[in-house]
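Biologist: I want to learn how to read a ligand site. Could you take me through one, feature by feature?

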Amino acid sequence: MRSYSLIAPAKINLYLEILGDRADGYHELAMILQSIELADQVNIRAIGTQTIQVHCDHPQVPLDKTNLAYRAVELMSQEFPDCWAQFGGVEISIQKNIPVAAGLAGGSTNAAAVLVGLDMLWQLGLTQPELQELAAKLGSDVPFCLAGGTAIATGRGEELDPLPSLDSFYVVLAKHQNLAVSTAWAYQTYRSEFGNSYGRSDRASKSIATEPLNTPTRVHSGSMVQGIINKNGSKIGQLLYNDLEKVVLPNYPQVLQLRQAFENSGALGTMMSGSGPTVFALCQSQEQAQEILQQVQSAIRCPDLGFWVSKFARHGIQIISPQKSLFIGNRE
Ligand code: ATP
């Protein structure tokens, strides 16, 4: 039986603006996403039985149908029933390095790895657009996790435009190990508190993607794109943006405290990633990242606080390669 091991990187949001509501219940987003080298390892193996088995070394990760990696196998078995019949079931084992429920797309990147793994295991030879289409069926962040690098993401987050690579930068990530923020809660709270300040779009699918949006002009995503093209770290740092901070920071004082500590640390910039609670600081070098980590660690003396230093990555899912991210602190 053949097996494959894949590296599944986490992502951070350099920019997250909520533009409006969509008819399909999602929000219309303008995001700039960045892969980092902090990654899970996903092993995928064909087994004789027609079953899906998921193993993970992290106690908070579900092993049933609610695991996004499980759902990726299910989707592939429905799309390619002949392969499912021919090759049998699949065993997935996830070595979890990405903090869970952290705003770093841990589940989405595992699902993206399974799509790539099954493409190889079942010798499907799928094209990148075909894989992207399957990824979008699993979740808004899955297409980006597949492609990786630096990209603008619009629509629900699944429509991608690649940007020039930013792989010389580093981030310090910090998260309270026992703190989780529900993505659904963050978006729902944003809608109830700020929903009347944005426009309403009827846009619900790619087929009407060219319709103009009845939304306010973007805050500063254009300047951020310019900063990325010029690889201007100071400008990128100043323009980091996340609308979801407006609901998460007032409700989670620990996240606010982290944001303030990073703000005073001399980093290029700091922001909460996705729906949080992870906060990151953008750094010019690994040395700067280590200094900032130590500074914030001594400013907030809390045994529950985990820190990671990671480099920006220019790739999404990869067949196994050495892992360069460094974990410092208590592992969850
Ligand atoms: P996103 O940034 O995409 O919103 P996240 O990083 O905030 O995601 P995840 O780490 O994906 O969050 O976890 C969110 C929830 O999804 C967890 O509470 C967990 O129960 C569930 N989950 C399902 N599959 C996985 C997986 N493969 N890895 C981690 N969590 C998973």
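Modeller: Start with location. The ligand sits in the largest pocket. Keep in mind that this is a predicted model.

Biologist: Which residues around the ligand come nearest?

Modeller: The shell holds 20 residues, and G103, L104, A105, G107 and N110 come nearest.

Biologist: Which element gives the largest share of the shell around the ligand?

Modeller: Helix α3, residues 106-121, with four residues.

Biologist: How many residues of the shell are nonpolar, polar and charged?

Modeller: Eight are nonpolar, nine polar and three charged.

Biologist: Now the polar contacts. What lies 3.0 Å from a nitrogen atom of the ligand?

Modeller: Look for N or O pairs within 3.5 Å. Here, an N or O atom in the side chain of K96 is 3.0 Å from that ligand nitrogen. Backbone atoms take part too. A backbone N or O atom of A101 is 2.9 Å from a ligand oxygen. A polar backbone atom of A102 is 3.5 Å from an oxygen atom of the ligand.

Biologist: How much of the ligand's accessible area does the protein cover?

Modeller: On its own, the ligand has 610 Å² of accessible area, and the protein covers 79% of this.

Biologist: Beyond the ligand, how many salt bridges does a search of the whole structure find?

Modeller: Eleven. For a salt bridge, a side-chain nitrogen of Lys or Arg must lie within 4 Å of a carboxyl oxygen of Asp or Glu. Take E91 and R45: their side chains meet at 2.9 Å, N to O.

Biologist: Which parts does the pair of E91 and R45 tie together?

Modeller: E91 lies in strand β4 (residues 89-95) and R45 in strand β2 (residues 27-47), so the pair links parts 46 residues apart in sequence.

Definitions and conventions:
Residues numbered from 1 in each chain as written. Predicted model: local features only at pLDDT ≥ 70, side-chain atom pairs only at ≥ 80, totals over all residues. Heavy atoms only, no water. Near = heavy atom within 4 Å. Polar contact = N/O pair within 3.5 Å; in protein donor to acceptor, adjacent residues only side chain to side chain. Areas by Shrake-Rupley, 256 points an atom, 1.4 Å probe, with all protein chains shown as cover. 1 Å grid on protein atoms, 1.4 Å probe; cavity = no way out; pocket = protein on both sides within 12 Å on 5 of 7 lines; lining within 4 Å. Sits in = over half its atoms within 2 Å of the grid points. Helix = DSSP H or I, 4+ residues; strand = E, 2+ residues; numbered from the N terminus. Nonpolar A, V, L, I, M, F, W, Y, C, P; charged D, E, K, R; others polar.
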